[in-house]
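Reader: Hey, I'm new to this one and could use a walk-through. Mind if I just fire off questions as they come up?

Author: Go ahead, here is what we'll be looking at.

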Amino acid sequence: MMSNPVKQNTLTIAQQSVVSVKGLSVRYDKVQALKGIDVEVGQGEVVSLIGANGAGKTTLVMAVSGLAPIVEGQILFEGHDLGTFKPHQIAGLGIAHVPQGKRIVPDLTVKGNLELGAYRFQRRDRNKVLRLMEQEFERFPILGERRNQIASSLSGGEQQMLAISRAIMMEPKFIMMDEPSIGLAPLVVEQIMKAIWHLHKTGITILLVEQAATLALALSHRGYVLRNGEIFMQGTARELQNTPEIIKGYIGG
């Protein structure tokens, strides 16, 4: 088990919300995936969103990215109502989304995928793109070794690293990671979780979506537990780690 690097007894959570989800409901045809939920993510926080398959975790992330049908409620990012923005405009505000299943471009090289992440810098500052790329090769050295390799030939863990690095290439203020540990070997998961923590140390605000509650809470300041499209429980990571219902349902023991 990973130790919790967050010193929660000395933590001062930022008062200013970067993302504020208020009364959010999302419906797909006759299925209501989210039912009036409220979520806050403060400046500089790592906040985890945990729950079983079908709880609504991915739906919330997609709603923030402008990819889910909102029927009620509001999502604010630095005061902007995201309901009035298209997905590419939301990305332009500084919101990055690492989707579940990686979704890299398989026929492009590692470099090509990273260049896609830095699309807004491509024309005006090519040197910046190259500089950002080298930073990602330092973060995940294996990507540097594979830089000219077709992305589909990478292992599952390497593809997840590439998906994360591609998102970071856009220099986001806020990054959402949807199940970054799913299907990966324990050693790869450890490497990715360490990278997420180091990313947080640079000042980026993170929403970490995970079924693996132990991993998510070990990295987080606070957490929300989703169940059947509703917020079942919330609190500091330590509170959730010590809550019998969470231990039994999501952590084990």
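Reader: Let me start with one residue: is S25 buried or exposed?

Author: S25 is buried, because its relative accessible area is 4%, and anything under 20% counts as buried. Keep in mind that this is a predicted model.

Reader: Where does S25 lie?

Author: S25 lies in strand 1, which covers residues 17-28.

Reader: And which residues does S25 touch?

Author: Leaving out residues up to four places away in sequence, S25 touches Q32, L34, K35 and G36, and also P69, I70, V71 and E72. Take K35 from that list: K35 is 10 residues from S25 along the chain, and their C-alpha atoms are separated by 4.7 Å.

Reader: OK, zooming out. How many helices and strands are there in the protein chain?

Author: The protein chain has 10 helices and 10 strands. Its radius of gyration is 18 Å, close to the 18 Å that the globule rule gives for 253 residues, so the chain is as compact as a globular protein of that length.

Reader: What does the C-alpha trace span along its principal axes?

Author: About 45 × 40 × 35 Å. Of the 253 residues, 49% count as buried. The chain exposes about 11,900 Å², and carbon and sulfur atoms supply 50% of that.

Reader: What about charges: how many positive and negative side chains are there?

Author: There are 27 positive and 23 negative side chains, and the centres of the two sets lie 2 Å apart.

Reader: How much of the contacts comes from residues 24 or more positions apart?

Author: Such pairs account for 69% of the contacts with a separation of 6 or more.

Reader: Now the inside. Which residues touch the most other members in the largest nonpolar core?

Author: That core has 50 residues, and the ones touching the most other members are L162, I175, M177, I196 and I206. Helix 7, residues 186-201, gives the core its largest share, with 7 residues.

Reader: Is there a second core, or what else is there to see?

Author: A second, separate core has 29 residues, including V47, L82, V209 and L226.

Reader: Back to I175 for a sec. What is I175 in contact with?

Author: Not counting neighbours within four places in sequence, I175 is in contact with A96, V98, A167, I168 and L199, plus the run I204, T205, I206 and L207.

Reader: V98 is on that list. Which other residues does I164 touch besides V98?

Author: I164 touches V98 along with F140, M177 and I192, again not counting residues up to four places away in sequence. I164 has its place in helix 6, residues 156-168, and I164 is buried, with a relative accessible area of 2%.

Reader: How far apart in space are I164 and F121?

Author: They are 18 Å apart, C-alpha to C-alpha, and 43 residues apart in sequence.

Reader: You mentioned helix 7. What does V188 touch?

Author: V188, which has its place in helix 7, touches G157 and M161, with residues up to four places away in sequence left out. V188 and S25 are 35 Å apart in space, C-alpha to C-alpha, with their positions 163 residues apart in sequence.

Reader: And helix 1, why is it largely enclosed by the rest of the structure?

Author: Helix 1 covers residues 57-64, and 6 of its 8 residues are buried, so it is largely enclosed by the rest of the structure. The buried ones are K57, T59, L60, V61, A63 and V64. Just after helix 1, G66 takes a positive phi of about 80°.

Reader: What about residues other than glycine, what is phi of E78 near?

Author: Phi of E78 is near 50°, a positive value. E78 lies in the loop between strand 4 (70-77) and strand 5 (80-81).

Reader: And what is phi of E179 near?

Author: E179 has phi near 55°, also positive in a residue other than glycine. Its place is in the loop between strand 7 (174-178) and helix 7.

Reader: Last one: are E78 and E179 buried or exposed?

Author: E78 is partly exposed, with a relative accessible area of 38%, whereas E179 is buried at 3%.

Conventions. Residues numbered from 1 in each chain as written. Predicted model: local features only at pLDDT ≥ 70, side-chain atom pairs only at ≥ 80, totals over all residues. Heavy atoms only, no water. Helix = DSSP H or I, 4+ residues; strand = E, 2+ residues; numbered from the N terminus. Rg over C-alpha atoms; globule rule 2.2 N^0.38 Å. Buried < 20%, exposed > 50% of the residue type's maximum accessible area, 1.4 Å probe, protein only. Contact = heavy atoms within 4.5 Å. Areas by Shrake-Rupley, 256 points an atom, 1.4 Å probe, with all protein chains shown as cover. Lys, Arg positive; Asp, Glu negative; His and termini not counted. Charge placed at Lys NZ, Arg CZ, Asp CG, Glu CD. Core = buried A, V, L, I, M, F, W, Y, C linked by side-chain atoms within 4.5 Å.
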